[in-house]
Amino acid sequence: MSFIHLIGFGLKVGHLLLMLCYSFLTVISLNSFINDSQMKPNKSRKIWVKFLEIFSSKTSKIHHYYQYIGSAKFRKTWWRKLLILWIAFGTILALWIFWYLRSEALEKRKETLANMCDERARMLQDQFNVSMNHVQAMSILISTFHHGKNPSAIDQETFAKYTERTAFERPLTSGVAYAVRVLDSEREQFEKQQGWTIKKMTPVNKDKYNPEELEPSPVQPEYAPVIFAQDTVAHVISLDMLTGKEDRENVLRARALGKGVLTAPLALIKSNRLGVILTFAVYKRDLPPNATPEERIEATDGYLGGVFDIESLVEKLLQQLASKQTIYVNVFDTTNISNPISMYGIDVLDTGLQHISPLNFGDPSRKHEMRCRFKQKQPWQILAISASFGIFVITLLVGHIFHATVNRITKVEDDYKKMLDLKKRAEEADVAKSEFLANVSHEIRTPMTGVLGMLDTLMDTNLDVTQQDHVRIAQASGKALVSLINAVLDKAKIESGTIELEAVRFNLWEILDDLAAYISAKVPETLIGDPGRFRQIITNLVGNSMKFTKKGHIFVTVHLLEEVMKSIDAEPEPSSNDTLSGLPVADRNRSWEGFRPAGQIVCPPESITLIISVEDTGVGIPLDAQPRIFTPYMQVGPSIYHGGTGIGLSISKYLVNLMNGEIGFDSVPQIGSTFTFTAVFSNPNEQQINGQSMSEFCNMQAVVVDPRPIRAEVSRCHIQQLGMHVEIVSSLTSMLTMLTNGSQTVHFVLIEEEVWDQDLSNSVEFSYKLRNLNQEISPKLFLLSNSISNGPHQNNKPTVITKPLRISMLAASLQRAMGDNKSNSSNGEVPKLSLSKLLIGRKILVVDDNNVNLLVAAGALKKYGADVVCADNGRKAIALLKPPHLFDACFMDIQMPEMDGFEATKKIREIEHSVNFRIKNGSLSLQDYADISNWHVPILAMTADVIQATHERCLRSGMDGYVSKPFEANQLYQEVSRFFL
Amino acid sequence: MASVPQLQRQLIEYTASLYDEKYLDDQFLQLQKLQDESNPEFVVEVVSLFFEDSEKLLNNLATALQQKSVDYKQVDSHVHQFKGSSSSIGAQRVTNVCVHFRNYCEEKNLDGCLQCLQQVKHEYILVRNKLEALFRLEQQILQAGGSIPMME
């Protein structure tokens, strides 16, 4: 049991140490964790740190120490020391346990021995005392019946019988005998009476004991011949006890003391065995206990002796006890300490352990003791050995684990450091690469501009056809190279994170004009953002589509995100054939499946999220390549087929992310791909109506004949940009019905070439009917064509407008047609720019303190045909602007010395107000003021900083609007048209 | 005497370099567009006026900044004038320095102002030389009977 307990204990200790070891390591790692978190404070980490601080506030020293441990070299040596210490500790523990268990076992063995020995000694002593008491009782018997009676009641026969029968009472005696005291004077009478002489005790011949041969006792003052004896010792009758050396001494001592007295061990007569003789004196009368020895000697009658055959007796005694085999017992007479006399037992080898029990046989002058030994030596201490060995093994194991752990940690840390170093180097190399790329790209760009410029110049010189062709190729290659370099430069900028977006006001239509994109009517015309980058994304996507599309179409659409999200729920999927070119396309809706829902995008309220899709009918992206499509340098298939660096899409993705948007795609191999992205712009909050910019076509009516709704919608979208009303009909027949029945005047009819070619005779008839319609102006007929290359030449074919429809080109074509019209009907009036129309002949006052500005502004307005008067300060302006006004409008600089534009305008308005008031009163005659009762000259501010605050302030000061300085034709037109239309 | 096409090419390159090195910006192009048959000397007229104005302003600025107590308001208004006129003819480097100049005026930083004055003088002289050279080249072309090519 205890063995198992011990093993359990050992295991527990081992476990505890293991835990200690782990916690130690954990603390170290936590410590490094703290160091980390100190560098990068983080909310959640802070809590940990705080917790740890509380935990370790008392052990800050230890923490310091752990940090010290952080140095690898120190830690290594220290841990090695710790390991050695640990193993030493384990060894000591094992040894201690061995010693402890062994000593415990020894103690137990000693105790067992002592118990056994004491038990035997006590038994021996008890039995001896019993025998002695009986011998004493017998002495009283003799005193009573031998000496007390006359004649004696006891003779040898009686004595022998009696003693024989009471032998069980004296288990240790082999026999008793009685010797009477006979003085020398009484010898003769005594010998006569007994019939034998007193013989001398001479133990000469031990083997052949013959009483007949004994000599008579020599003459002495007194004798002690044995008169009675038990049968076992009958041979001692007539022997004088005083002649034996031991007996004499014994007898003398017994009568002097009045107690039982023992002889030293002696060889018994006849039996020749080792024994002791117990002697009691028999007195004539009862003596007081404090009687002197002299009194006792004087009163002595005789001596009763008992022979104790110790050897056999002890043997007999031990036979009765259990486990007699396990120990050796020796009994010694130790009266003479230096030379103890062995009374029983054999001399045995020293088995180590010995126990001594004292024996008291009632004779104070004699000392006896019992010595006990185990027969066998102590067995091997298997328990102790195995337990200590177990602990030692556990120690070694724990040490090994510790060692292995430390080694492992060191190795991992070393590896980690190596990795960190490598990572750092890799990152540095990457940065260096990006920088190198940026530098090289930039350096290449500069000479390339030179090359391209020179090529331009070369084109202007007189070249033959081949040379021109070569130059054109060189130019195209150069431009391709520059765009490639720009892409690389962008990539490098992205990697170094130095790319930044502009936030400028731009016109979406202008940006996307040459792409012929479909722009939803809900998308505002003017946005604030980075037009260049926005265009770059679209151009990139379209460029990719162009590379991979051989037939069909590429279609760019721009919508508001909300619009698209709504339509997903509302509209069913359009039929797959209803596309721009009629070829099937990839599902556009699936390309933005992964985008965040519109409601989740957090944007400022005035922002506008556009969703732009580029749809093509190209070869599509292989399914296995789709997941990698936005990875830099990734290309589908070998690049020699299509060219390109493979960074376009990754740049696009990055730019889209910069615009807070997302990009996605859906692609079906052999059918086509659709890329969709979102971008967030801010809304300049200008209330503008689409299509007002080109006033020539304003409110005119156009009809598009196209059976395919989507294509018709795109055409309409573009034509609407010119400010026209557009209707869509699906066939020529319905067109005709509309023309004959409708009350509206139709100015333009645009027919899809496909419709025209379908039935040529019908078409020709249609055009004829169209010309003969009963209307003031017959509608102009156009064909919308996909390609420049015309089909079979036809005489009656109307003007062809090649798609994609660009506003500028469309406007030019329509203008040409109208111009023809006008040149026919009116007197050769040359169509003029709309701005000139507005400004021609107008009298305009320009106020600016800066002469140069004044001159430039005046020059610009004069260019449009205006009659310009200049003033160089506010006072002059006030003087010139008094009702009745001579000027149609006034452009005024805001910031002027003495009196700024706001103040001057306020003054002018005050004067106007008072004049108007007085005209109403009648104090001023209406005739003097050209029959105008409400004077208000339009005043426009000229300012360089176009910000909202300035605009508001302009309006507050009574100005009618503002134009940016220097003049911008579009803006000038918009402002001026408000007054002059 | 160089041939007309040669001179024309030279003019184009020279003008392009002026744009590339940011001496001029789009505004100068606008200015050139305003010039037509009815007003053939428009650009030269405007630029000459700019030279005149600028020299006056530079003198005024130098005097104003030499005063014991500098009137920054006045300096600021001069710089504003200068900035306006330079941006009108498209001399963007001058305009840019003027922006810095006004910032220093706001801070009332005399050292900064003096430094800017030097800079603006320097830029002005540079752009004046460039423009004069440009006009000379144009003159040469006209004398040789060629026409001035328009930049896009």
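# Exercises on a predicted two-chain model

Q670(A) is exposed, with a relative accessible area of 66%. The model is predicted.

**Exercise 1. Place Q670(A) in its chain and describe its backbone.**

Step 1. Find the segment. Q670(A) sits in the loop between β18 (663-668) and β19 (672-682) of chain A.

Step 2. Check the backbone angle. Phi is positive at Q670(A), about 70°, although the residue is not a glycine.

Step 3. Set this against the general rule. Most residues other than glycine have a negative phi.

Step 4. Classify the surface. The cut-off for exposed is over 50% relative accessible area. Q670(A) has 66%, so this residue counts as exposed.

**Exercise 2. Do the same for K108(B).**

Step 1. Locate K108(B). The residue lies in the loop between α5 (92-107) and α6 (110-143) of chain B.

Step 2. Read phi. K108(B) is not a glycine, yet its phi is positive, about 60°.

Step 3. Read the accessibility. K108(B) counts as exposed because its relative accessibility is 55%.

**Exercise 3. Is A586(A) buried or exposed, and which residues does A586(A) touch?**

Step 1. Start with the location. A586(A) belongs to the loop between α14 (561-570) and α15 (588-591) of chain A.

Step 2. Apply the cut-off. Buried means under 20% relative accessible area. A586(A) has 2%, so A586(A) is buried.

Step 3. List the contacts. Leaving out residues up to four places away in sequence, A586(A) touches D666(A), S667(A), V668(A), I671(A), G672(A), S673(A) and T674(A).

Step 4. Compare sequence with space. A586(A) and D666(A) are 80 residues apart in sequence. Their C-alpha atoms are 6.2 Å apart.

**Exercise 4. Describe the fold of chain B.**

Step 1. Count the elements. Chain B has six helices and zero strands. Along the sequence the pattern is α-α-α-α-α-α.

Step 2. Look at burial. Chain B has 152 residues, and 43% of them count as buried.

Step 3. Look at the contacts. Take those between residues at least 6 apart in sequence: 68% join residues at least 24 apart.

Step 4. Look at the surface. Chain B exposes about 8200 Å², with 47% of it supplied by carbon and sulfur atoms.

**Exercise 5. Describe the surroundings of H80(B).**

Step 1. Consult the record. An unreviewed UniProt entry lists H80(B) for "modified residue: Phosphohistidine".

Step 2. Place H80(B). The residue lies in helix α4 (residues 72-89) of chain B.

Step 3. Classify H80(B). Its relative accessible area is 18%, so H80(B) is buried.

Step 4. Find the partners. Neighbours within four places in sequence aside, H80(B) is in contact with Q895(A) and R102(B).

**Exercise 6. Analyse the interface of chain A and chain B.**

Step 1. Count residues. 16 residues of chain A are in contact with 21 residues of chain B.

Step 2. Take the area. The two chains bury about 1700 Å² between them, 59% of it on carbon and sulfur atoms. V852(A), L855(A) and K863(A) supply 30% of the area that chain A buries against chain B, more than any other three residues.

Step 3. Assign elements. On the side of chain A that touches chain B, α10 (382-460) and α24 (851-863) are the elements that give two or more residues. The largest share, eight residues, comes from α24(A).

Step 4. Check the polar pairs. There are zero salt bridges between chain A and chain B. Four residue pairs are in polar contact across the interface.

Notes: Residues are numbered from 1 along each chain as its sequence is written. Chains are lettered from A and ligands numbered from 1 in the order in which they are written. This is a predicted model: local features need pLDDT of at least 70, side-chain atom pairs count only at pLDDT 80 or more; totals for chains, interfaces and linings use all residues. Side-chain values use heavy atoms; hydrogens and water are left out. Helices (H or I, at least four residues) and strands (E, at least two) are DSSP runs, numbered from the N terminus. Buried means under 20% relative accessible area, exposed over 50%, partly exposed in between (1.4 Å probe, protein chains only). Contact means heavy atoms within 4.5 Å. Accessible areas come from the Shrake-Rupley method with a 1.4 Å probe; for residues, only the protein chains shown count as cover. UniProt positions are given in the numbering used here, feature names are shortened, and annotations may be inferred rather than shown by experiment. Buried area is the accessible area (1.4 Å probe) that two parts lose on being put together, summed over both. A salt bridge is a side-chain nitrogen of Lys or Arg within 4 Å of a carboxyl oxygen of Asp or Glu. A polar contact is a pair of N or O atoms within 3.5 Å; within protein, one must be able to donate a hydrogen and the other to accept it, and residues adjacent in sequence count only if both atoms are side-chain atoms.
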